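Visitor: I am new to protein models and would like to learn how to read one. Could you take me through this one step by step?

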Amino acid sequence: MTSIRLYDLQVRDDRRPSPFCWRAKYALAHKGLPFETVPVALTDIPAVAGGTHKTVPILDDGGKIVSDSWAIADYLDEVYPDRPRLFGSPAERALCQFVETSLIASAARPILLCYLKDIYDCVLDKDRDYFRQSREKFIGCTLEELASGRAERIEAARAGLESVRLTLKGGAPFLSGAHPGYADYIVAGFLLWIALVATAPLLQSDDPLLAWLARVQDLHGGVGRAVPLSAMVA
Ligand SMILES: N[C@@H](CCC(=O)N[C@@H](CS)C(=O)NCC(=O)O)C(=O)O
């Protein structure tokens, strides 16, 4: 029996789309640590693990509670130093942060705006009012108004992933080089998120990202393999 539990955002049909939770699942798998996920609704997060955390992922390692995907990765490297490291050095960690911020600036925001209404349509009934109110406050219009401009935005979202494509063009199997690393998990987490909620394709079928994403899905015993990509691919 494992004692590691990961609180993982749940939406309809027990899908688990959270990009930040994906990173944490990959981080645990990378370390070779067995874990179980605990499904949690958005509006139940404040009641999890003592009630002091506002977001998932939240890790419970035999009673030690850690929240935030970066803090979880750091914790795992610190507490399990003999297992494969997520960050080989502070420099690698800093570069992974750069990957995250670059992705947020170039792709994640347009992607979020394209798919926010799809995400709303997937959240559990109990979360719908909270999701609508919090996200409409954030974007400054209704989810329906946002969705009506989606077609033009998808092009921008697809183009925002160009730095990932160009990196992979270098020939290495992973963004982190010959072996997969946290940068791969960051980018794959965003794409698996969309694959689980999309009602319109983000990628063309000949997109070179797809071969890389399939490789990442197959890693560590296939931690992301069950996610169908078809809804995200034209
Ligand atoms: N910086 C956090 C962000 C986590 C995050 O935003 N998680 C979302 C789910 S994808 C969440 O829990 N949102 C709670 C809410 O919207 O109330 C991390 O890296 O773990």
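Guide: Let us go from the overall fold to the helices, the loops and the ligand. One thing to know at the start is that this is a predicted model.

Visitor: Let me begin with the whole chain. How many helices and strands does the protein chain have?

Guide: The protein chain has nine helices and four strands. From the N terminus on, their order is β-α-β-β-β-α-α-α-α-α-α-α-α.

Visitor: What is the radius of gyration of the protein chain, and what would a compact globule have?

Guide: A compact globule with 234 residues would have a radius of gyration near 17 Å, and the protein chain has 17 Å, so the two agree. Along its principal axes, the C-alpha trace spans about 50 × 45 × 30 Å. Buried residues account for 38% of the 234 residues.

Visitor: And which contacts join residues far along the sequence?

Guide: Take the contacts between residues at least 6 apart in sequence: 71% of these join residues at least 24 apart.

Visitor: Now the helices. How are two packed helices described?

Guide: Two numbers are used: the angle between the axes and the distance between the axes. Here, helix α3 (residues 90-122) and helix α8 (residues 182-195) pack at about 5°, and their axes are 10 Å apart. Angles under 35 degrees count as roughly parallel, and α3 and α8 are therefore roughly parallel to each other.

Visitor: Which residues of α3 and α8 meet?

Guide: On the α3 side they include Cys 96, Val 99, Glu 100 and Leu 103. On the α8 side, Ile 186, Val 187 and Phe 190 are among them. The residues of this contact divide into 12 nonpolar, no polar and one charged.

Visitor: At what angle do α1 and α2 pack?

Guide: The angle between α1 and helix α2 (residues 69-79) is about 10°, with the axes 9 Å apart. That makes α1 roughly parallel to α2. In this contact, Phe 20, Arg 23, Ala 24, Ala 27 and Leu 28 of α1 meet Ser 69, Ile 72, Ala 73 and Leu 76 of α2. Sorted by type, the contact residues are seven nonpolar, one polar and one charged.

Visitor: Let us turn to the loops. Is Asp 14 buried or exposed?

Guide: One way to judge is to count C-beta neighbours: 12 or fewer within 10 Å means exposed. Asp 14 has 7 inside 10 Å, so it counts as exposed. Asp 14 sits in the loop between β1 (4-9) and α1 (19-30), and its phi is near 55°, a positive value in a residue other than glycine.

Visitor: What is phi of Ala 49, and where does this residue lie?

Guide: Phi of Ala 49 is near 50°, again positive in a residue other than glycine. Ala 49 lies in the loop between β2 and β3. With 18 other C-beta atoms within 10 Å, Ala 49 is partly exposed.

Visitor: Which peptide bond is cis?

Guide: The bond from Val 56 to Pro 57 is cis, with omega near 15°. Pro 57 lies in the loop between β2 (36-40) and β3 (58-61).

Visitor: Last, the ligand. Which residues surround the ligand?

Guide: Val 56 and Pro 57 are among them, and so are Phe 20 and Ser 69. The shell also includes Leu 9, Ser 18, Thr 55, Asp 68 and Trp 70. By type, the shell divides into seven nonpolar, three polar and one charged.

How values were computed. Residues are numbered from 1 along each chain as its sequence is written. This is a predicted model: local features need pLDDT of at least 70, side-chain atom pairs count only at pLDDT 80 or more; totals for chains, interfaces and linings use all residues. A residue is near a molecule or strand if its C-beta atom, placed from the backbone, lies within 6 Å of it. Ala, Val, Leu, Ile, Met, Phe, Trp, Tyr, Cys and Pro count as nonpolar, Asp, Glu, Lys and Arg as charged, and the others, Gly among them, as polar. Axes are lines fitted to C-alpha atoms, for helices over the stretch in contact, and angles run from 0 to 180 degrees between N-to-C directions. Helices (H or I, at least four residues) and strands (E, at least two) are DSSP runs, numbered from the N terminus. Angles under 35 degrees count as roughly parallel, over 145 as roughly antiparallel, 65 to 115 as roughly perpendicular and the rest as oblique. Two residues are in contact if their C-beta atoms, placed from the backbone, lie within 7 Å. The radius of gyration is taken over C-alpha atoms; the globule rule is 2.2 Å times the number of residues to the power 0.38. A residue is buried if 20 or more other C-beta atoms lie within 10 Å of its own, exposed if 12 or fewer, and partly exposed in between; C-beta atoms are placed from the backbone.
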